[in-house]
Amino acid sequence: DDMQHNAELYLGAANVLCLVLSMSDKDDEIESICSALEMVYRAEREAIIISYQDVGAALVPLLLRLLDRYEVGRNVLAEATIEHISRILLHMTRISELRVPLANHPGLFTVLERVATLPLSVENRVLRMRLLANLANSDGNKETIFERSSLLESIMKVATLDKSDNAREYAA
């Protein structure tokens, strides 16, 4: 429930989990920590904003590095870890005030571009398109998105060729 997740964020759960995640190298631990982070970020708007201000500068680059790791070196836990990370970022992009700061993280759009070329699950492709739709729903990001021709190509590829109706819908 939102109240519990709010309390977790206010008490620093994301900070602790980010620290533990930064020190872990075992796939099963990383998957579990990302799952826990995804759960605590199910909180309300204000709690997410405060948490992002506290730990976002460290957490987002760490999550993007993990996506690089798991999308290249696929293993059994990769799809679940990718989904948890995508959901964490999705929870953050629900907050309009966080969309521009998130888009300014180096590597975020590169991760989103890969949606059209990686063999991701349907759920992960839909999550990526939802993330991108949220980021594009901010005037401060529109120009940046339109200037990235490779990102637009990926969006168009998903919008026209993806087998998932939901992925095509969010890409459109």
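Are E71 and R128 buried or exposed? Select the two residues in this predicted model: both E71 and R128 are buried.

**Stop 1: E71 and R128.** Show the side chains and look at the contact between them. E71 and R128 form a salt bridge, with 2.0 Å between the closest N and O atoms. Now colour helix 4 (residues 45–72), which holds E71, and helix 8 (residues 122–136), which holds R128; the pair therefore ties together parts that are 57 residues apart in sequence.

**Stop 2: the network.** Keep E71 and R128 selected and add D68 and R114. Salt bridges link D68, E71, R114 and R128 in a network.

**Stop 3: E123 and R87.** Stay on helix 8 and select E123, then add R87 in helix 5 (residues 78–93). Their side chains meet in a salt bridge, at 2.6 Å from N to O. This pair also links distant parts of the chain, 36 residues apart. E123 is partly exposed, at 33% relative accessible area, and R87 is likewise partly exposed, at 22% relative accessibility.

**Stop 4: R42 and E38.** Move to R42 and E38, whose side chains meet in a salt bridge with an N to O distance of 2.7 Å. Which of the two is buried? E38 counts as buried because its relative accessibility is 5%, under the 20% cut-off. R42 has 37% relative accessibility and counts as partly exposed.

**Stop 5: the whole model.** Zoom out and display the charged side chains. How many salt bridges are there by this rule? The count comes to 14, and the pairs E71–R128, E123–R87 and R42–E38 are among them.

How values were computed:
Residues are numbered from 1 along each chain as its sequence is written. This is a predicted model: local features need pLDDT of at least 70, side-chain atom pairs count only at pLDDT 80 or more; totals for chains, interfaces and linings use all residues. Side-chain values use heavy atoms; hydrogens and water are left out. A salt bridge is a side-chain nitrogen of Lys or Arg within 4 Å of a carboxyl oxygen of Asp or Glu. Buried means under 20% relative accessible area, exposed over 50%, partly exposed in between (1.4 Å probe, protein chains only). Helices (H or I, at least four residues) and strands (E, at least two) are DSSP runs, numbered from the N terminus.
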